[in-house]
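Q: Could you take a close look at the aromatic rings in this structure and walk me through how they pair up? I would also like to hear about any charges that sit over a ring.

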Amino acid sequence: MAERTVVIALGGNAILQHRETGTAEDQFENVRKASRRIAEIVAEGYAVAVTHGNGPQVGDILLRNELAKDTLPPMPLDVCGAESQGMIGYMLQQSMQEALREAGYDRPVATLLTQTLVDGDDPAFENPEKPIGPFYTPMQAKKLQEEKGWRMVRIPGEGYRRVVPSPRPIAFVEERAIARLVSAGAIVIAAGGGGVPVVADGGGALRGVEAVVDKDYTAAFLARLVGAEDLLILTDVERVALNYGWPDQQEISEMTVREARGHLAAGQFPPGTMGPKIEAAVGFLETGGERVIIASLEEASVALAGRAGTRIHL
């Protein structure tokens, strides 16, 4: 079989499980398990690029900022995102090298800290809605709004939380480096957490912005960049489902882009959960991709072989 290229998008559960405290030991253990699944895919003859979420890790970094604000200057969100890319990339890179060595494969693994170019006029900047960071009391939220200009929203039963824009990716600053590494046979870990969002001024100078780029849209963008035939989105469910969470829930093993668009229009896939994954899948397939598979991490290689998960195609 000719070598195919797959972009693997790891969900947050691949790094930090629910109810875990987030110790380095916990996260390394989860990443090692994920790396063994990726090594199985490499063994099938695939060229691989990997991207990942970073929500819990950035949340922890922001909380540390808050707790240490009277001792150390807090870092802006773009710097926190870069910090999380480095931390998770280190864990994945080391664990992937170990998993490949155990499986008898000699493939270079490289983490590339990625800046994602976004449009400063993206409508998302006028309507921030992505929650980040810790919860605050009403008094704390009011003070942060006044002092920092943050937009805060009330989460029932939890408190107040900051929300930031989630603009769409339009390019990676490091596109040439990513493409060359993949074409040279490296397993590349890139665009973690959607990448660090940056905007360019009239002269091309870059500036980080307080925003979060959706990791699913970024995964599809990465897949197009490296010429991947397949996009494998690994999450905490085994299949996409209609009427999710209701007694008449119906799991889907296969659907076309047309069917996916119909389900999106019917409100089956909410914006905060499955919606971005399906929209990213549709966008990837309509711009040259062949398959999108949404599956659980445990069934990654089986799903890629067509025996598990949900397959989406034209």
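A: Happy to. F28 is a good place to begin: this residue is buried, with a relative accessible area of 12% (buried means under 20%, exposed over 50% and partly exposed in between, using a 1.4 Å probe and protein chains only). This is a predicted model, in which local features need pLDDT of at least 70 and side-chain atom pairs count only at pLDDT 80 or more, while totals for chains, interfaces and linings use all residues. Residues are numbered from 1 along each chain as its sequence is written, and side-chain values use heavy atoms, leaving out hydrogens and water.

The structure holds two aromatic pairs. Rings of Phe, Tyr and Trp (its six-membered ring) pair if their centres lie within 6.5 Å; planes under 30 degrees apart count as stacked, over 60 as edge-to-face and the rest as tilted. F28 and Y90 have ring centres 5.7 Å apart and planes at 85°, so they form an edge-to-face pair. This pair links distant parts of the chain, with F28 in helix α1 (residues 24-43) and Y90 in helix α3 (residues 77-103), 62 residues apart. Y90 is partly exposed, at 46% relative accessibility.

The other pair joins F172 and F221: their centres are 5.1 Å apart and their planes at 80°, so this pair is edge-to-face. Both F172 and F221 are buried.

Now for the charges. A charge sits over a ring if NZ of Lys or CZ of Arg is within 6 Å of the ring centre and within 35 degrees of the ring normal. The charged end of R161 sits over the ring of F135, 5.2 Å from its centre, and R162 lies over the face of W150, 4.2 Å from the ring centre.

Terms used
Helix = DSSP H or I, 4+ residues; strand = E, 2+ residues; numbered from the N terminus.
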